[in-house]
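Me: I'm new to this structure and would like a close look at one part of it. Could you walk me through the place where two of the chains come together, and take your time over it?

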Amino acid sequence: MKQIVELTINGDPQSLAVEGHRSLLDTLREEAGLTGTKKGCDVGDCGACTVIVDGQPVNACLMLAVEAQGRNVETVEGMQQSIDILHPLQDAFMRHGASQCGFCTPGILMMARKLIEENPDPSDDEIRFGLSGNICRCTGYTKIFDAVRSAAAEIRAVRAQEETV
Amino acid sequence: MRRFAYHEPKTLEEASRLLVDLGENAHVLAGGTDLFVEIRERLRDVSDVVNIKNIPGMTDITWDPAVGLTFGALVTARQLETLPGVQRTYPNFAEALRLLASIQVRNRATVVGNLCRASPSADTIPPLIADGAIIHIYTPKGMRRMPLAEFFTGPGRTRLERGDIATGIVIPAPAPDSGRIYLKHGRRKAMELATVGVAVSLDRDGDTCTNARIALGAVGPTVLRASAAEALLKGRKITDELIAQVGAQAMAECTPISNVRASAEYRRSMVGVLTRRAVKTAMEATQ
Amino acid sequence: MNKPANNLRNAFSTIGKSVKREDVIEKVTGEGVYVADLKPVGMLYGKIKRSEVAHARIKRIDVSKALAYPGVKAVLTHEDVPRVLHYGSPHPRSVSCTKDQYILDDKVRYWGEGVAAVAAISEEIADEALDLIEVEYEELPAVFTPEEAMKPGAPQIHEVGPGGNLVLDPVRVERGDVDKGFAEADFVLEGEFSGGRPMPGYMEPNVCLADWDGSGKLTFWTSTQSSFMVRGILAEVLGLPRTKVRVLVDHMGGGFGAKQDCFQHEFLCALLARETRKPVRMEFTRCETFLAGRSRHPFKLWLKQGFRKDGTITARDMRIVFDSGAYGSHSPGVTTVGTNSATSLYRCENVRLDGRAVYTNTPIAGAFRGYGVVQTYYALDIQMDEAAERLGMDPADLKLKNAVREGDIAPSGHAIVGHGLEACIEHGTRVFDWKGLRQGARCPDPAASHVRKGWGLGCEMHGSSAYPGIKEQGNALIKVNEDGSVTLMTGAAGLGTGAHTALAQIAAEELNMPFESVSVVHGDTDAVPWDIGAFASHTTYLVGSATRMAAAEARAGILRRAAEKLQTTADALDMVDGRIFLRASPDSGLTVAEAMGPTPGIPSANILGRGTYEPTKSYSFAAHFVEVTVDTETGLVTVDRVVPVHDVGKVIHPIAAAGQIEGGIQQGIGHTLTEDYIIDTETGRSLNAGLVDYKMPLSMDMPDIDTVILEAAPDPGGPWGAKGVGEDPIIAIGPAIANAIHDAIGVRFHHYPITPEDILNALNEKERQS
Ligand SMILES: Cc1cc2nc3c(=O)[nH]c(=O)nc-3n(C[C@@H](O)[C@@H](O)[C@H](O)COP(=O)(O)OP(=O)(O)OC[C@H]3O[C@@H](n4cnc5c(N)ncnc54)[C@H](O)[C@@H]3O)c2cc1C
Ligand code: FES
Ligand code: FES
């Protein structure tokens, strides 16, 4: 039996008719047409499905859509500041070669965004710890760490500039 | 995922009644980080899922120097992990939380769910047993409480009966001069289920150990207390020889099995290594 | 058509620079379309019922309950599908394939093999319906290791093949006089080596989507590295002309070689779609990527080498047995390449090699980065380390002394052009401070005497093509548009390596036009030229060369067209950075757009450049230097630092090349220390088909990697000398780690993965002996 779930996705209020057993991941991908969030395992092991719910990164595969009732869900599709301005992390991922096949990328971007928001100047160990639930099998992580460091520095610089203005 | 019916009771009574009425394939849903994995991997037949997250009164975390730390069944691992008070007062528990799965999982996973799943390798069980935690349970006949050490009856099995819901945990306040350590052994630094987990909580008087509790994870059907090893420590001055004896005793007390993660022999020798390291560090730790 | 000469140019405009990868914009915004993201109207979901026995005849299979289950639209068993014996690895021009599989058979040959397929209106219903299919098996005796499978009287897994459970006739190589070589040796080393079953572990589970139109044409989206192979084999098995099968793939989430086969589920998905007249999508669970994916070949190897006191190798005798699993897949190629690789790396004139691949009732081994060479060079390099120890020499010196040189006969049988290995070893020794570190203490902290450090070196070489095993061909088409932009059409897959960007760079460089003016069309077998598939580290080398030829032809066309407009001859013109001008007066000229576009009386031009390249072989080289820490109480090994030094001839995109190297190192660390897909040798069951117990190194486990890329030995066959880099890193890292562990604790390991238990057992054994 389907029930109506009302939630906010990337700032837009949505109401979706879903069955009680459907995961948030399948609902985003199959019902809401937001296929940027990926399914690499469906059991919490890979982090490809990481989305941010009410400010906290979670595995969308381990949450039911009905549990998102009344909540605020953010996915990779909402990361850009505007149609033609990428988030500094997205830009850094491109420049540093942090995305090869790209399958892990949306999940890692969401996780990294949260990491930098909480900790604008993360150490290498903090970056590694923050991304330990996200598997990337292509890059060996080195370029991902480079990109996160570089985006964090850029965001700090912009912020410092804003404060002096 | 297999299909199931979803329920959202608003009270403990309602949830409990649903669980009784719906029968053995109805299960409590807290964070879902075990439940959904078991459904997907077809380890569990589930007809009904009873989400307890809309039941009020199980989200509080309180600290009282006389009572200790109290938290409700819906408190997530990540909430506790990031509390400075927990890191300071219960570094063993904080370490177990830090090493449990990933941040994403810990944002959903509840500690009480980790206990109710009753996996012999669950990370939060050894430090909570070593610290003498008490679990609170709603039963159709009224509230119950029991020491966590008595809660587990086998792998995946607890004293919870149909219609019972665990509502929270109390971890007693540590004695003034005490050291508490949790060491987890796995082949990766994260996203590992413990091959062996050892928790040691010691009360001290100078370099004498006045009281000791040792809990061993992933080396028996439930997390085990190494009581003979504890007895060796009690009232004794800690020396390297004693530490070696305690390690050997803990090895003798565990009952590991061999599986894809490690052999029984290896697990047993890790109990020795980790117990020695944990006792040593717990004696040195200043808290 | 001639290949453009590698004219020495000291300044490049595009290649050698880490330009922005256009395909990555879509990856970071979430817009890139992977096959599982597609959901055409009316789509059904396909699922596969898998066997729970390892070897059996299917006596009865009853699907009536599943068919009657509400929401189920079709169920297929071996009784319903075409029975055509076919290849698993459909390289069309390979000499050595084995036709040994049916879409579904009345026999199952390993635990996890598909026995039936269901299409239903939802994934959940399809999944539930699987339980309603009743299969009655007559179990057959099974064999789970090559040893058992090769015993006389062992149960035969296939009716085809040379018999004795061999996938192909043994591969035998003999050069020089081995017996004479051993007679001349001052000492002989002999050892047995073995390796587990590493998996590629790509993040995107296999997925495909099939849709038939009214004219009987199949459109087939699939996550594959070789879309034309999939087209070919689907067409053959389903009895269709190539024009009735269109294979599409845009983004794919990794493959690492293993997504080269045409898989059982791909046929079943196409057939379910035909049966139901609806689009059907079939997506593996993570567990299925283990059961039905392709692993590296487990192996057993025996190696004996003779050495002179000065470190010269006088003879090499090697036998290797690869475990192919239940089907042949890439075993012919892996056996040929792996066995032959032992002729080289370290020079030896007298060589005798014997390589075999054996069927067992276990999951299928296939193509995977390093293709048979991971196994042989693991043994070869470790034994060199042992020889150095015996000789009292620094292993780096011994490896340098014996490193393959220009003109040596390569594994492929032809003389090697260029020799980057010496440069890699020499350079790495310096930047890693090899000599300095190895003089340091193995036990840096006396208070923690159980913590030991060690340093190791591992070397490798690898061909940037599959020649001569497969006669490859690279193709490219370049279309110049009327606004001066350029479209490159290639069949090469974009499995995440950045290959399309490299190809666009090569086109822009040869055209001498801005990189931004080139766009790439790929992944549609109806639109792009035929391609053999993305494997054997050959895309940049092979398709890159073809692209360069096509670009040269297009450039000539543009200049001819400009000459027409300027009323001069093409040879009077030059084009730099997209601007065409008279050599005699460089200041006046026109843009490509002006040349191509219409002007009164002259319609716009239609220029097409074509390139077809048939390579021989080039070799890339690498030396990996690693530092490890070993906890001698727990047996845990951490890799602290890696300095990989690679010779790639000419680097096209430095960041992409480094990314390949670092990713290969991650996989190689996993294979050597933690990763092993374990099959129960009693029942054939998979014991760790998931990401918790199949342990790939994650962010906290990865060492610091300081990648060094050299352009020591450009290959005349590649564009501006470029060679491949995709496979090399995974080969060198393994022996480097094993050698470093030995350096730390004085114990030799001849197998992977080296588990903490292995370390403790070996240390205990060592203690007992001393
Ligand atoms: C990727 C991944 C990695 C993991 N790694 C680790 C690890 O390293 N260490 C570790 O210990 N665990 C690990 N886990 C498991 C861990 O996440 C869970 O044990 C978690 O703590 C369970 O809490 P939950 O709230 O998600 O429980 P749920 O999944 O909701 O429930 C778990 C079980 O307890 C029952 N239950 C839950 N709450 C109650 C209650 N209040 N009263 C009665 N019954 C209840 C449920 O019915 C169910 O049977 C991992 C899980 C995942 C997905
Ligand atoms: S898909 Fe959710 S963690 Fe892998
Ligand atoms: S880029 Fe392929 S998995 Fe990370």
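Reply: Let's start with a term: a salt bridge here is a side-chain nitrogen of Lys or Arg within 4 Å of a carboxyl oxygen of Asp or Glu. Keep in mind that this is a predicted model. With that rule in hand, look at Arg3(B) and Glu128(C): their side chains form a salt bridge, with N to O at 2.6 Å. That pair counts as a salt bridge because 2.6 Å falls within the 4 Å cut-off. Across the interface of chain C and chain B, the rule picks out nine salt bridges.

Polar contacts turn up here too: 17 residue pairs, both partners at pLDDT 80 or more, make them across the interface of chain C and chain B. Which elements of chain C give two or more residues to the side that touches chain B? They are α3 (123-130) and α19 (756-769). Of the side of chain C that touches chain B, α3(C) gives the most, with five residues. By class, that side of chain C has 15 nonpolar, six polar and ten charged residues.

Now step back to the whole contact. Chain C brings 31 residues to it, and chain B brings 22. About 2,400 Å² is buried between the two chains, and carbon and sulfur atoms give 50% of that. On the chain C side, Lys695(C), Met700(C) and Glu757(C) lose the most area to chain B, together 21% of what that side buries.

It also helps to see how chain B itself is put together. Its domain assignment gives domain 1 (5-51), domain 2 (61-171) and domain 3 (178-284). Inside chain B, domain 2 and domain 3 have an interface of their own, where 23 residues of domain 2 are in contact with 19 residues of domain 3. The C-alpha centres of these two domains lie 20 Å apart. Between them about 1,700 Å² is buried, with 63% of it from carbon and sulfur atoms. Pro120(B), Pro126(B) and Ala130(B) supply 28% of the area that domain 2 buries against domain 3, more than any other three residues.

Salt bridges appear at this domain interface as well: the count between domain 2 and domain 3 of chain B is two. In a salt bridge between Arg180(B) and Asp131(B), the side chains meet at 2.9 Å, N to O. The rule also finds seven residue pairs in polar contact across this domain interface, both at pLDDT 80 or more. On the side of domain 2 that touches domain 3, the largest share comes from α8(B), with five residues.

How values were computed: Residues are numbered from 1 along each chain as its sequence is written. Chains are lettered from A and ligands numbered from 1 in the order in which they are written. This is a predicted model: local features need pLDDT of at least 70, side-chain atom pairs count only at pLDDT 80 or more; totals for chains, interfaces and linings use all residues. Side-chain values use heavy atoms; hydrogens and water are left out. Contact means heavy atoms within 4.5 Å. Buried area is the accessible area (1.4 Å probe) that two parts lose on being put together, summed over both. A polar contact is a pair of N or O atoms within 3.5 Å; within protein, one must be able to donate a hydrogen and the other to accept it, and residues adjacent in sequence count only if both atoms are side-chain atoms. Helices (H or I, at least four residues) and strands (E, at least two) are DSSP runs, numbered from the N terminus. Ala, Val, Leu, Ile, Met, Phe, Trp, Tyr, Cys and Pro count as nonpolar, Asp, Glu, Lys and Arg as charged, and the others, Gly among them, as polar. Domain bounds come from an automatic or database domain assignment.
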